[in-house]
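Dear colleague,

I am handing over a structure for you to look through at your own pace. Please open it alongside this message, and then read on for what was found.

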Amino acid sequence: MSGPDSGDRAVDVALKLAEELFGFGSSGATPGWVRDRVRRYLEHQSYRSGLSMNAVARELLKDKAAVEQIVTSLRVGETRFYRDGAQWEAIERQLERLFPADVELAVLSAGCSTGEEAYTMGMLLTAARRRFRVLGVDRSAEAIAVAREATYGREAARDIPPAWVERFCDEQNGRLRVGLLVRNAVEFEECDLVKRVPQGPFHIILFKNVLLYLTTQAGEQVATRLANELEDGGLLFSAASEVLRLRSMGLEPFRLAQTVTALRPPKRRP
């Protein structure tokens, strides 16, 4: 089959498989950039194999590994240290009020990608002289390997406060490596959040820009399970654009600053 709809139908087949197998997608409302990436993958495979895009998509029915490869490549998005600076500043300002100084903090970076978010939290808590442990999880083995290596280009670190770069990073061949002072308190684990979430309790959970990739049902299940792993008084931080969606799932807002809202599970009735 050819024509302008042929590629769209092939993309639909690939996304449907990704949804069924891995909870990936958004039930008919998949963002345009996701469809574009899937289309490029199918076009590339079509060129290599000599098959039509529809035939390539049908072949995915027999090849779960190929579908997982598509999902993994799509989930590697933009990430950098100190992304969403207003959120980090609010956490830093409110930290002692939220969690007493003698409490050892447990933090989860859910969907940590290549680790910059988890290490940013490690730097913040080290600078605040807190005892802590940070766990970063992601379904991509490749992303976790990069996170454990803890070595990044300078561009990824452009937003880190300069004092943190000097204190917490070492330069190696023009690249920055997170120093042992922070690395020793940050761990990484391969984990597909659709299948399971790490066991808490956690004082802080960072769950940012993950809902974008999940169906409504899968996203709601993951968010609810994560919220249930919060310590009493704990907070879940999402991207600002995701707060309304999480509130619609029943999570309650907690404002830290004018532009920063965290979330908590509904109060338990006695």
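At which residue does α5 bend, and by about how many degrees? In this model, which is predicted, helix α5 bends at Glu92, by about 35°. The helix covers residues 85–98, and its 14 residues reach 19 Å from the first C-alpha to the last, which is close to the 20 Å expected at 1.5 Å a residue. Several residues of α5 are buried, among them Trp88, Ile91 and Leu95, and what covers the buried residues of this helix includes the helix α6 (116–127) as well as the strands β1 (105–110) and β8 (230–237).

Next, please look at the open sheet, in which three strands follow the order β3-β5-β4 with antiparallel pairing. Because β3 (151–152) and β4 (169–172) each have a single partner strand, they stand at the edges, and one side of each is left without a neighbour in the sheet. Between β4 and β5 (residues 175–178) there are four bridges, and Cys169 has Val178 in β5 as its bridge partner.

Finally, a search of the whole structure finds seven salt bridges. One of them joins the side chains of Glu171 and Arg154, at 2.8 Å from N to O; this pair links distant parts of the chain, since Glu171 lies in strand β4 and Arg154 in the loop between β3 and α8 (162–168), 17 residues apart. Glu171 counts as exposed because its relative accessibility is 53%, whereas Arg154, at 43%, is partly exposed. Another salt bridge connects Arg196 with Glu189, where the closest N and O atoms are 2.5 Å apart.

Best wishes

Conventions
Residues numbered from 1 in each chain as written. Predicted model: local features only at pLDDT ≥ 70, side-chain atom pairs only at ≥ 80, totals over all residues. Heavy atoms only, no water. Pairing = 2+ DSSP bridges. Helix = DSSP H or I, 4+ residues; strand = E, 2+ residues; numbered from the N terminus. Expected span 1.5 Å × (residues − 1). Bend = angle between axes of the 7 residues up to and from the residue. Buried < 20%, exposed > 50% of the residue type's maximum accessible area, 1.4 Å probe, protein only. Contact = heavy atoms within 4.5 Å. Salt bridge = Lys/Arg side-chain N within 4 Å of Asp/Glu carboxyl O.
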